[in-house]
Amino acid sequence: MLKTGARKSGGRALMGRLVYVLALLSVAISLLSLVVILGDALADGLPYLTWRFVTSFPSRFPTRAGILPALIGSVWLVLLTALFSFPLGVGAAIYLEEYAPKNRVTEFIQVNIANLAGVPSIVYGLLGLGLFVDALALGRSVLAGALTMTLLILPVIIMASREALRSVPKLYREGAFALGATRWEVTRQIVLPEALPGILTGTIISLSRAIGEAAPMIAIAALVYVTFVPLSPLDRFTVLPIQIYNWVNLPRAEFRNLAAAGIILLLAVLVAMNSVAIAIRYRHQRKAV
Amino acid sequence: MKEPLRPESLYVEDRVIHGGGDGKLSGSTDIIEFSGFNLWYGDNHVLKDISLRIRSNIVTAIMGPSGCGKSSLLRSINRINDLIPSCRTSGVLNIGGEKIYDPDVDVYELRKRVGMVFQKPNPFPKSIYDNVAYGPRVHGVPEEEMKRVVEESIRGAALWEEVKDRLEEDAFSLSGGQQQRLCIARALAVEPDIILLDEPCSALDPIATSKIESLMRQLSEQYTVVLVTHNLQQAARVSEMTAFMYLGEVKEFGSTKDVFENPQNELTENYITGRFG
């Protein structure tokens with residue numbers, strides 16, 4: 001009896017070890033590829049990442065070329081996108097989570113929002129080109145770009161916000177309703193403050209996706225050689241990923257170093273944004289204990 | 001003034017359950033009236049043809065086994081059941097002569113008159129002060145009166161001495177029993193007539209429970225208290241009237257003394273003698 005039992009558990013233990021090794025391997029592969037990419041970019045780009053690089057305009061001469069217009073363009077883009085996508089996304093999430101009747105229509109909307117999050121970004125780019133650039137005659141402006149990015153990240157913000165709203169305990173809602181609060185009072189005073197850290201985290205992570213997207217901006221901006229800084233939402237613009245893409249395609253080797261420097265800058269912006277998201281989440285978790 | 005202890009009383013508390021007709025019961029009038037009241041969640045018929053008259057300024061206990069509908073009955077009284085989309089009702093439920101399921105009833109005003117305390121203490125993630133001030137703020141009580149309202153409410157819930165120096169602290173810093181009394185204070189702050197308590201002690205230890213029980217006695221001087229409990233001793237200790245529910249029906253309703261000492265329904269007798277539950 002004991003012997004067969006031992007053999008059986010031997011097989012199970014082996015299975016356990018196998019899964020452990022496979023899981024470890026998965027982590028190793030992901031980390032290793034990250035290290036290689038980062039290492040490559042740092043080795044190529046770090047010597048070129050100077051203050052002059054950050055504050056100069058693009059140039060035919062690698063030694064004079066800088067990334068300023070793309071950096072400012074990306075900042076414009078992300079600020080405007082945040083301005084549009086946050087209220088829209090949170091509003092939609094509040095409607096779906098707190099107000100909408102739980103029926104087939106709501107379910108249909110929900111499934112489609114999830115589907116929209118999976119639509120390739122170039123499709124949004126083409127939609128933006130048709131809708132904002134041409135039909136609404138906004139031209140190839142920062143505004144058109146930001147509206148396109150808003151459409152792109154809206155599904156993710158809605159889903160993250162719904163998740164955050166749903167995680168607020170039902171007990172809080174019932175407690176407030178039982179005191180005679182209206183649906184809006186309960187939502188604004190009890191539910192939203194609790195859900196806000198989750199909503200902000202989702203929003204920031206979506207925005208950092210927007211800042212790294214090149215495909216839809218190629219459709220909208222299509223500018224690769226910009227010698228001015230956009231000063232209003234209706235100015236033309238370029239963004240970091242497009243500038244990087246452009247440099248990679250130029251024949252001279254030094255431009256590839258410039259691209260690497262641009263990548264480092266872009267990564268730094270992304271890490272900074274994600275750190276804010278993590279800090280918000282961390283602070284909230286500490287409070288909840 | 002306390003009633004003299006009667007030797008034949010079964011009950012250990014410092015009071016006696018009266019049969020209908022004398023003492024506190026005679027001074028009270030019907031305030032909540034169910035007649036032919038039904039409630040469904042989807043196709044599930046949870047409350048069946050309920051007719052029940054709950055009197056003012058006493059404690060009425062509703063007891064029965066799990067799933068008998070006692071919580072649903074309680075949650076009908078402040079219409080918090082409305083939050084469940086599949087919930088439907090028929091029949092009449094009157095409070096102070098007003099049909100509260102009429103379409104033109106202001107449900108927010110109703111809930112101001114009918115406070116509720118839940119099974120698990122559920123203070124908001126705010127300070128002790130802001131928890132109590134939440135209801136009055138919603139109903140437009142001016143801030144300059146708030147201090148007084150908050151203090152009176154916390155005193156009313158027998159919590160003042162314990163929290164008076166820490167009103168700005170997080171409500172979660174309180175113990176479970178204190179949190180539950182804070183929730184009672186929060187309910188008192190909107191000056192209700194009726195207080196519904198849904199198994200308020202089920203998450204509490206015996207000492208905290210006895211504090212809440214004596215608080216319920218005090219509250220019934222001023223308010224109509226309806227208590228749902230699965231704890232028989234608790235029903236016996238704190239209530240003047242007791243209803244026994246089984247499978248969505250009220251099987252027995254009368255003075256607590258009668259229900260416990262001389263139950264008319266066999267099911268009630270089996271329940272209070274511990275043969276099921």
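**The A–B interface and two positive-phi residues in chain B**

In this predicted model, 21 residues of chain B are in contact with 15 residues of chain A. Contact here means that the C-beta atoms of two residues, placed from the backbone, lie within 7 Å. On the chain B side, the elements giving two or more residues are helix 2 (107-113), strand 6 (114-117) and helix 3 (128-138). Helix 2 of chain B supplies the largest share, 4 residues. Helices (H or I, at least four residues) and strands (E, at least two) are DSSP runs, numbered from the N terminus. By class, this side of chain B has 11 nonpolar, 5 polar and 5 charged residues. Ala, Val, Leu, Ile, Met, Phe, Trp, Tyr, Cys and Pro count as nonpolar, Asp, Glu, Lys and Arg as charged, and the others, Gly among them, as polar.

Positive phi values occur at two non-glycine residues of chain B, B:Asn57 and B:Leu247. Phi of B:Asn57 is near 55°. The residue sits in the loop between strand 2 (44-55) and strand 3 (59-63) of chain B. B:Asn57 has 19 other C-beta atoms within 10 Å, so it is partly exposed. On this scale, 20 or more other C-beta atoms within 10 Å make a residue buried, 12 or fewer exposed, and counts in between partly exposed, with C-beta atoms placed from the backbone.

B:Leu247 has a phi of about 50°. Its loop joins strand 9 (241-246) and strand 10 (249-255) of chain B. B:Leu247 is also partly exposed, with 14 C-beta neighbours inside 10 Å.

Residues are numbered from 1 along each chain as its sequence is written, and chains are lettered from A and ligands numbered from 1 in the order in which they are written. Local features need pLDDT of at least 70 and side-chain atom pairs count only at pLDDT 80 or more, whereas totals for chains, interfaces and linings use all residues.
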